[in-house]
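Thanks, everyone, for making the time this morning. Please have a look at the chain on the screen, and then I will go through a handful of side chains and helices one by one.

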Amino acid sequence: MNLLDDLRSLTGALVDEPNDRRALGELTETQVVDLLRSLEDLKAAACATQADLAVRLDHTVRAREAAAGVAAARRGRGVAQQVALARRESPYRGRVLLGFAKDLATDLPHTRTALASGRLNEHRAMIIARETGCLDSYQRSQVDHDTSAPADAGEDDPLDGLGTARLAGQVRARGAATDPA
């Protein structure tokens, strides 16, 4: 069985059917919280994988178009729309998601890792990308490391318990400290 078959099987298992509702009703409070957390981690890992796949699609399409002699300025024009269709999003949102995926792949590797591991959700990872968007690649990488790198052994994770507004403020402050202009 391949990854795609595994995902389809998991999706089928998560589909809400009457028998599943009865089984959910038998869970303890602790089990419900654990299941909620596990599903959130799964969603975050899926978002990181979607970003990886969007970048791969972009590279594949651009390489095919380059081999076909398409002008460099025209390569990859339909990729964002393909991402949008695959994710059931608008064309605008497809462009945002593709840009975000490219940011994770190039300048924000710690944010990508935090997303894949469930330390961040997609919304919060997008905030980091947005708040660092005005910085150059090196500066973004610095802020990415300072914000999202895993804590050293024995230290608390700096992302734990950090609200979304506070995260945005910290990233903004780190960006300003990195580049006051």
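Let me begin with a question at the start of the chain: which backbone nitrogen does the side chain of Asn2 reach? It is the backbone nitrogen of Asp5, which the side chain of Asn2 reaches at 2.7 Å. I should say straight away that this is a predicted model, and every value I quote is computed from it. Asn2 itself is found in the segment before helix H1, which spans 3-14, and with a relative accessible area of 42% Asn2 is partly exposed.

From there I would like to turn to charged pairs. In general terms, side chains of opposite charge can pair when their charged atoms come close. A search of the whole structure finds 11 salt bridges, and I will take some of them in turn.

One of these joins Asp52 to Arg112, with the closest N and O atoms 2.4 Å apart. Asp52 lies in helix H3, residues 29-67, whereas Arg112 lies in helix H6, residues 109-117, so this pair ties together parts that are 60 residues apart in sequence. As for accessibility, Asp52 is partly exposed at a relative accessible area of 35%, and Arg112 also counts as partly exposed, at 23%.

Another salt bridge is formed by the side chains of Glu122 and Arg87, at 3.2 Å from N to O. Here Glu122 lies in helix H7, residues 122-131, while Arg87 sits in the loop between helix H4 (79-86) and helix H5 (91-106), so the pair ties together parts that are 35 residues apart in sequence. Glu122 counts as buried, with a relative accessibility of 13%.

Salt bridges that share partners also join Asp58, Arg62 and Lys102 into one network. Within that network, the side chains of Asp58 and Arg62 meet at 3.0 Å, N to O. How many residues apart are Asp58 and Arg62 in helix H3? They are 4 residues apart, which means that about one helical turn separates them. Is Asp58 buried or exposed? Asp58 is buried, with a relative accessible area of 5%, whereas Arg62, at 30%, counts as partly exposed.

The network brings me to the packing of two helices. The axes of H3 and H5 come within 8 Å and cross at roughly 95 degrees, and that makes H3 roughly perpendicular to H5. On the H3 side, the residues that meet H5 are Ala51, Ala54, Val55, Asp58 and Arg62, and their counterparts in H5 are Leu98, Ala101, Lys102, Leu104 and Ala105. You will notice that Asp58, Arg62 and Lys102, which I named a moment ago as one salt-bridge network, appear again in this list of residues where H3 meets H5.

Staying with helix H5 for a moment, Pro91 also lies in it, and at 47% relative accessibility Pro91 counts as partly exposed. Pro91 and Gln81 are 10 residues apart in sequence, and their C-alpha atoms are 5.3 Å apart in space.

Next, two residues whose contacts reach further along the chain. His110 lies in helix H6 and, at 26% relative accessibility, counts as partly exposed. If we leave aside its neighbours within four places in sequence, His110 is in contact with Asp144, His145, Ser148, Ala149 and Pro150. For one of those partners there is also a backbone distance, since the C-alpha atoms of His110 and Ser148, which are 38 residues apart along the chain, are separated by 5.3 Å.

The other residue is Gln139, placed in helix H8, residues 137-148. Gln139 counts as buried at 13% relative accessibility, and, not counting residues up to four places away in sequence, Gln139 touches Thr178 and Asp179.

Finally, a word on the cysteines. How many disulfides does the structure hold? The number is 0. Cys47 counts as buried, with 12% relative accessibility, whereas Cys134, at 67%, counts as exposed.

I will stop there and take comments.

Conventions
Residues are numbered from 1 along each chain as its sequence is written. This is a predicted model: local features need pLDDT of at least 70, side-chain atom pairs count only at pLDDT 80 or more; totals for chains, interfaces and linings use all residues. Side-chain values use heavy atoms; hydrogens and water are left out. A salt bridge is a side-chain nitrogen of Lys or Arg within 4 Å of a carboxyl oxygen of Asp or Glu. Buried means under 20% relative accessible area, exposed over 50%, partly exposed in between (1.4 Å probe, protein chains only). Contact means heavy atoms within 4.5 Å. A polar contact is a pair of N or O atoms within 3.5 Å; within protein, one must be able to donate a hydrogen and the other to accept it, and residues adjacent in sequence count only if both atoms are side-chain atoms. A disulfide is a pair of cysteine sulfur atoms within 2.5 Å. Axes are lines fitted to C-alpha atoms, for helices over the stretch in contact, and angles run from 0 to 180 degrees between N-to-C directions. Angles under 35 degrees count as roughly parallel, over 145 as roughly antiparallel, 65 to 115 as roughly perpendicular and the rest as oblique.
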